[in-house]
Number of protein chains: 2
Amino acid sequence: MAPRESGEPESADRAAELEIVHLLRAVTVELGLHSARFAQANGMHATDVRALIALMDARRAGEETTAGRLGAALGLNSAGTTSVVDRLERAGLVRRVRGADDRRKVVVEVEERAVRLGQDFFGPLIARTVDLLTAYDERERAAIRGFLTGVRDAAAGAARGSAGLTG
Amino acid sequence: MAPRESGEPESADRAAELEIVHLLRAVTVELGLHSARFAQANGMHATDVRALIALMDARRAGEETTAGRLGAALGLNSAGTTSVVDRLERAGLVRRVRGADDRRKVVVEVEERAVRLGQDFFGPLIARTVDLLTAYDERERAAIRGFLTGVRDAAAGAARGSAGLTG
DNA sequence: GCGTGTATCTCGCTCAACGAGATAATAGGG
DNA sequence: CCCTATTATCTCGTTGAGCGAGATACACGC
């Protein structure tokens with residue numbers, strides 16, 4: 001399936017590599033459950049958490065997020081997007097700001113309260129994760145970084161193309 | 001925040017470690033979107049995909065999954081669980097089997113069709129991931145394995161305790 | 001200042017998931 | 001063996017997230 005160069009020891013190695021694949025999936029499952037706990041603890045739904053994450057990501061990258069962009073990132077239509085922003089605004093976690101240049105647009109900004117809420121809940125887990133990394137030297141960290149980058153790009157690339165194979 | 005042993009060079013390192021944290025989150029987001037595409041492509045919902053994953057995990061571990069266990073794994077109540085199993089059964093992806101020992105129980109078994117469906121969709125991404133791993137030597141792979149195991153356990157541990165910190 | 005295109009919102013609907021309670025089977029005491 | 005308590009699942013009615021269709025508000029060229 002995957003185009004290999006030549007004859008390395010295969011079947012035994014392959015099992016060890018599959019273990020990492022399952023491990024990665026287990027991580028995504030656990031982190032998903034953790035997000036769900038955050039949602040539940042704050043009377044929110046999974047989509048609202050995903051929206052906050054997208055908004056904070058954009059803010060870190062220094063980009064404004066309009067309602068439309070947010071909806072696209074979440075895979076919602078305009079009605080659903082309005083609904084999400086309504087819920088978050090009602091909860092005091094974001095605010096609507098009319099676009100200065102184009103007044104049709106609605107820029108969604110996260111309130112300071114949402115940032116604090118997220119830090120309080122995810123901070124410990126992040127700290128623990130950072131702590132884990134101190135056990136590895138630079139070469140090992142580079143491997144972790146490279147592997148995660150590769151998986152992210154493969155999954156993102158799978159959006160286009162048949163499924164991101166042979167990339 | 002995280003209890004450190006002694007004085008290593010901090011702030012610069014911390015930024016590099018946070019990059020990995022963000023990378024990990026990006027991976028979970030992308031894999032989540034990939035699951036969503038799988039769901040959409042097969043007329044399913046996110047919960048149905050999570051259910052299939054849980055069922056296949058259990059099968060790999062050689063365990064039977066009753067309706068109750070499945071619902072607990074998904075965080076659904078009994079009504080919702082019945083609903084999920086109904087949908088999956090209607091789609092021909094699982095079958096209900098009355099428990100042999102305790103006939104109140106309903107064991108949910110995945111149909112061969114569901115396994116093939118999953119392999120067809122996720123196979124390429126898995127192959128790509130396994131391929132990525134061949135670029136690393138055993139020490140680097142051990143680092144990746146150890147890091148993922150640590151994050152998984154930290155997130156799982158966060159279910160109990162204040163948030164899995166200081167574990 | 002009118003028409004076309006774009007961004008967001010409103011309305012009505014569907015269906016996933018919930019709470020409450022019904023149904024069915026096991027386990028144990030008399 | 002019957003009766004009750006307990007456990008596992010399902011049924012019924014309701015809530016609300018997200019959808020499709022269309023309304024509304026603004027932008028921009030003519």
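This is a selection-by-selection tour of a predicted model with protein chains A and B and DNA strands C and D.

Residues are numbered from 1 along each chain as its sequence is written, and chains are lettered from A, with ligands numbered from 1, in the order in which they are written. Because the model is predicted, local features need pLDDT of at least 70 and side-chain atom pairs count only at pLDDT 80 or more, while totals for chains, interfaces and linings use all residues; side-chain values use heavy atoms, with hydrogens and water left out.

**Chains A and B**

Select both protein chains. A turn of 180° and a shift of 0.0 Å along the axis lay chain A on chain B with an RMSD of 0.0 Å (least-squares superposition on the C-alpha atoms of residues with pLDDT of at least 70 in both copies). This is the relation of a two-fold axis. The same surface serves both copies, since 97% of the contact residues of chain A recur in chain B (contact: heavy atoms within 4.5 Å).

**DNA strand C**

Next select strand C and the residues near it (one heavy atom within 4 Å). There are 21 such residues, and the closest are Gly68(A), Ser78(A), Arg96(A), Arg104(A) and Thr47(B). They divide into 6 nonpolar, 8 polar and 7 charged (Ala, Val, Leu, Ile, Met, Phe, Trp, Tyr, Cys and Pro are nonpolar; Asp, Glu, Lys and Arg are charged; the others, Gly among them, are polar). Helices H3 (67-74) and H4 (78-90) of chain A and H4 (78-90) of chain B each supply at least two residues of this surface (helices are DSSP runs of H or I, at least four residues, numbered from the N terminus).

Of the strand C atoms within 4 Å of the protein, 67% belong to sugar or phosphate and the rest to bases. Zoom in on the phosphate oxygens: one lies 2.7 Å from a backbone N or O atom of Gly68(A). Another entry for the selection is Val106(A), with a polar backbone atom 3.0 Å from a phosphate oxygen of strand C. From chain B, add His45(B), where a polar side-chain atom is 3.3 Å from a phosphate oxygen of the strand.

**DNA strand D**

Move to strand D. It is surrounded by 22 residues, the closest being Thr47(A), Arg104(A), Ser78(B), Arg96(B) and Arg104(B). The surface near strand D divides into 6 nonpolar, 8 polar and 8 charged residues. Of the strand D atoms within 4 Å of the protein, 66% are sugar or phosphate atoms, with the rest in bases.

Show Thr47(A): a polar side-chain atom lies 2.4 Å from a phosphate oxygen of strand D. For Thr82(B), the side-chain distance to a phosphate oxygen is 3.3 Å. Arg104(B) reaches a base, with an N or O atom of its side chain 2.8 Å from a base oxygen of strand D.

**Aromatic pairs**

Hide the DNA and select the Phe rings. Over all chains there are 6 aromatic pairs (ring centres of Phe, Tyr or the six-membered ring of Trp within 6.5 Å; planes under 30 degrees apart are stacked, over 60 edge-to-face, the rest tilted). The centres of Phe38(A) and Phe122(A) are 5.1 Å apart with planes at 55°, so this pair is tilted. It links distant parts of the chain, Phe38(A) in helix H1 (residues 11-41) and Phe122(A) in helix H5 (residues 112-133), 84 residues apart. Phe38(A) is buried at 4% relative accessibility (buried: under 20%; exposed: over 50%; partly exposed: in between; 1.4 Å probe, protein chains only). Phe38(A), Phe121(A) and Phe122(A) form one aromatic cluster.

Technical notes. A polar contact is a pair of N or O atoms within 3.5 Å; within protein, one must be able to donate a hydrogen and the other to accept it, and residues adjacent in sequence count only if both atoms are side-chain atoms.
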